[in-house]
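This briefing covers one protein chain, grouped by topic. Please read it alongside the sequence and the coordinates.

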Amino acid sequence: MSTTIDVPESSNVVKGKEVLVVPARAGGWKKGIAIMDFILRLGAIAAALGAAASMGTSDQTLPFFTQFFQFEASYDSFSAFQFFVITMAIVGGYLVLSLPLSVVAIIRPHAAGPRLFLIILDTVFLTLATASSASAAAIVYLAHNGNQDTNWIAICNQFGDFCAQTSGAVVSSLVAVVIFVLLIVMSALALGRH
C-alpha cells in the first residue's frame with residue numbers, strides 16, 4: 001500500500017535558469033566607520049599624551065639679582081595643572097587599551113557588544129578629558145590676562161615660554177576632546193542603524 005500525492009509545479013518557478021545571488025559586501029559602511037574609529041583613536045592618543053607631556057615638562061625660571069633668589073613657574077605649582085597631567089595621561093592610557101576593541105569592531109563590523117562598550121567608556125573619558133582641559137584652560141587664561149578684581153597679575157609677560165607651552169598643551173587636549181566627540185557620534189550612528 002502506497003499513496004502517491006501529485007503536487008503541481010508552481011508557475012513562479014522558472015525551469016532551466018539559474019538565479020545568481022551576489023553576496024553583499026561584508027561590513028559595508030560599518031567597516032568604514034570602524035576603520036575611521038581606529039584612525040581617530042590613534043590621533044587622540046597622540047593629542048592626549050602630547051598634552052600630558054607638554055604640560056608635564058613646562059618649567060621656566062627667571063634669574064633675579066643672585067643665584068639664590070629666583071622666580072620659577074612650573075606645572076606642579078598649580079593643582080589644576082597637576083590634575084591635567086594625571087588625567088590626560090590616564091585618558092591616553094585608556095585610548096591605547098581601547099585599540100584592541102577597535103580592531104574587533106573592524107573585524108566584526110556588525111557586532112554591537114564592542115561598540116556599546118567603547119561608547120560607554122568613551123563617554124566617561126570624554127567627561128574626564130573635558131574637566132581637566134577646562135580647569136587648565138581657566139588657569140592659562142588667568143596667567144595670560146590676570147584678574148584685576150582679585151589683584152592677580154598676568155604672569156605671561158615674564159614667563160613667556162611657560163605660558164606658550166601650557167597653552168599648547170590645553171589646545172592639544174581640546175583636540176582630544178573633539179576627537180572623543182567624533183568617536184561617540186560615529187559609534188552611535190553605527191549602533192543606531194543595525
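Residues 169–191 are 100% helix and 0% strand, and the end C-alpha atoms of this span lie 33 Å apart. The model is a predicted one. UniProt, in an unreviewed entry, lists residues 169–191 under "transmembrane region", together with 38–58, 78–104 and 116–143.

**Overall make-up**

- The protein chain has four helices and two strands, and its elements run α-β-β-α-α-α from the N terminus on.
- Of the 194 residues in the protein chain, 36% are buried.
- The accessible surface of the chain comes to about 12,000 Å², and carbon and sulfur atoms account for 67% of that area.
- Among contacts in the chain with a separation of 6 or more, 77% are between residues 24 or more positions apart.

**Helix α3**

- Helix α3 covers residues 112–145, which is 34 residues.
- At 1.5 Å a residue, helix α3 should span 50 Å; the C-alpha atoms at its ends are 48 Å apart, so the model agrees with the expected value.
- Residues 116–143, one of the spans in the UniProt list, are 100% helix and 0% strand, with end C-alpha atoms 41 Å apart.
- After α3 comes G146, whose phi is positive, near 70 degrees.
- A137 is a residue of helix α3, and with a relative accessible area of 29% A137 is partly exposed, because the buried class ends at 20% and the exposed class begins over 50%.
- A137 and A169 are separated by 32 residues in sequence, while their C-alpha atoms are 9.4 Å apart in space.

**Salt bridges around R41**

- How many salt bridges does the structure hold? There are two.
- R41 lies in helix α1 and counts as buried, because its relative accessibility is 0% and the limit for burial is under 20%.
- One salt bridge joins the side chains of R41 and D37, with an N to O distance of 2.9 Å.
- R41 and D37 are four residues apart in helix α1, so about one helical turn separates them.
- D37 is also classed as buried, with a relative accessible area of 4%.
- The side chains of D122 and R41 form a salt bridge too, at 2.7 Å from N to O.
- This D122–R41 pair links distant parts of the chain, with D122 in helix α3, R41 in helix α1 and their positions 81 residues apart.
- Both D122 and R41 are buried.
- D37, R41 and D122 belong to one network, joined by salt bridges that share partners.
- As a general point, side chains of opposite charge can pair when their charged atoms come close.

**Other contacts of R41**

- Which residues does R41 contact, leaving aside its neighbours within four places in sequence? They are Y94, L95, S98, L99, S102, L118, D122 and L183.
- D122 in this list is also a salt-bridge partner of R41.

**Surface patch on helix α1**

- I35, M36 and I39 make a nonpolar surface patch of about 260 Å².
- M36 has its place in helix α1, which covers residues 29–56.
- The relative accessible area of M36 is 41%, so M36 is partly exposed. That value is over the 30% needed for a residue to belong to a patch.
- R41, in the same helix α1, is by contrast buried at 0% relative accessibility.

Terms used: Residues numbered from 1 in each chain as written. Predicted model: local features only at pLDDT ≥ 70, side-chain atom pairs only at ≥ 80, totals over all residues. Heavy atoms only, no water. Expected span 1.5 Å × (residues − 1). Patch = residues over 30% accessible without salt bridge, like charges linked within 9 Å, V, L, I, M, F, W, Y side chains within 5 Å. Areas by Shrake-Rupley, 256 points an atom, 1.4 Å probe, with all protein chains shown as cover. Salt bridge = Lys/Arg side-chain N within 4 Å of Asp/Glu carboxyl O. Buried < 20%, exposed > 50% of the residue type's maximum accessible area, 1.4 Å probe, protein only. UniProt positions renumbered as here; feature names shortened; annotations may be inferred. Contact = heavy atoms within 4.5 Å.
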